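Grab a pencil and work through these short exercises with the structure open beside you. Try each task before you read its solution.

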Amino acid sequence: MGPAMSGSWKVTLPCRRADAEALGDDIPAFAILDAPPTLVTSEIDEDADQWQLDAYFSDKPSTADLAALVSLVPGATIKGAQIEQLDDADWVTISQSGIEPVTSGRFYVHTDSNRGTPPPGAVIYRIDAGRAFGTGTHETTSGCLAMLDRMASRGERYRDIADIGTGTGLLAFAALELWPRARATASDIDPVSIEVTVDNAALNAVPLGRRPGTLACCVATGTNHALIRSRAPYDLVIANILAGPLIALAPDLAAITAPGGTVILAG
């Protein structure tokens, strides 16, 4: 993690739980921004459905930045946003301190700034919030972790695994942990996600490579990559992305799945 950043900024908006849960994946409103903020949501009052969205910017947010942010929360306005400067503060650390560790099945996922106390015997991953989706806090990700754990507990075995739209690499890491002799492939349409996955693999001692027991990564649009095609068919395919792309990719995902194979979808 980098040094403290003088002049970073925090913008706070009130929201509801539904608004918070809708923020887990890629956000089109931020596609036009040079430096998208780090977002953290927190519950203020469960009974009143009061939540809070905090956005951490490395520089003073412009009007366009604020407009992109308020577009995420129905009814929000720029005038209603609370804006404050965080002098001499590491804004990434501050933002991550609000992300609680997640326990899902045998897996325990935490950020560097909030390690918590893992349950005895847990498989532990450090996944920091940042440039890619998949810290485990979103219900789609934790649900996939729970399903993978359940499948392994039932004694199911897989030799060829693909994680399409891997984000941070977390689900691919978990699958390789559960089936350590498998050939695992992780892909994402976003090159940044693959950079993050490679970094996270090093951080969590996940071996990279193309032999059984290692993870191979590639930047790919859907399943359109030579690495993905050459390793097909897969007896386990995971895709935790948005619902729209899942629908569009359904024929391609089916095409790379072995007869009788398993597909885990979330989005």
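**Exercise 1.** In what order do the three strands of the open sheet lie, and what is the pairing?

*Solution.* Keep in mind that you're looking at a predicted model.
- Step 1: the order is 5-6-7, and the pairing is mixed.
- Step 2: strand 5 and strand 7 each have a single partner strand, so they stand at the edges, with one side of each lacking a neighbour in the sheet.
- Step 3: ignoring direction, neighbouring strands here are turned by 20 degrees against each other on average.
- Step 4: zoom in on strand 5 and strand 6, which pair antiparallel over three bridges. S104 has F107 of strand 6 as its bridge partner.

**Exercise 2.** Work out which strands of this sheet helix 4 touches, and at what angle its direction lies to that of strand 5.

*Solution.*
- Step 1: helix 4 packs on the sheet by touching strand 5 and strand 6, and its direction makes about 35 degrees with that of strand 5.
- Step 2: check the helix itself. Residues 139-153 make 15 residues, and the first and last C-alpha are 21 Å apart, close to the 21 Å expected at 1.5 Å a residue.
- Step 3: find its buried residues, which include T140, T141, C144, L145 and L148. Here's a handy rule: an α-helix has 3.6 residues a turn, so residues three or four places apart point the same way.
- Step 4: see what the buried residues of helix 4 pack against. Besides strand 5 and strand 6, the list has helix 5 (170-178), strand 11 (234-240) and strand 12 (257-266).
- Step 5: look just past the end of helix 4, where G155 has a positive phi of about 90 degrees.

**Exercise 3.** Classify the ring pair F107 and Y125: how far apart are the centres, and what is the angle between the planes? Then do the job again for Y125 and F173.

*Solution.*
- Step 1: there are three aromatic pairs in the structure. For F107 and Y125, the centres are 6.2 Å apart and the planes differ by 25 degrees; that pair is stacked.
- Step 2: place these two along the chain. F107 belongs to strand 6 and Y125 to strand 7 (residues 123-126), 18 residues apart.
- Step 3: now Y125 and F173. Their planes are at 45 degrees and their centres 6.1 Å apart, so this pair is tilted. It connects strand 7 with helix 5, across 48 residues.
- Step 4: buried or exposed? Y125 counts as buried because its relative accessibility is 4%. F173 is buried as well, at 1%, and F107 is buried too.
- Step 5: put the rings together: F107, Y125 and F173 make up one aromatic cluster.

Technical notes
Residues are numbered from 1 along each chain as its sequence is written. This is a predicted model: local features need pLDDT of at least 70, side-chain atom pairs count only at pLDDT 80 or more; totals for chains, interfaces and linings use all residues. Side-chain values use heavy atoms; hydrogens and water are left out. Helices (H or I, at least four residues) and strands (E, at least two) are DSSP runs, numbered from the N terminus. The expected span of a helix is 1.5 Å times one less than its number of residues. Buried means under 20% relative accessible area, exposed over 50%, partly exposed in between (1.4 Å probe, protein chains only). Contact means heavy atoms within 4.5 Å. Rings of Phe, Tyr and Trp (its six-membered ring) pair if their centres lie within 6.5 Å; planes under 30 degrees apart count as stacked, over 60 as edge-to-face and the rest as tilted. Two strands pair if DSSP finds at least two bridges between them. Axes are lines fitted to C-alpha atoms, for helices over the stretch in contact, and angles run from 0 to 180 degrees between N-to-C directions.
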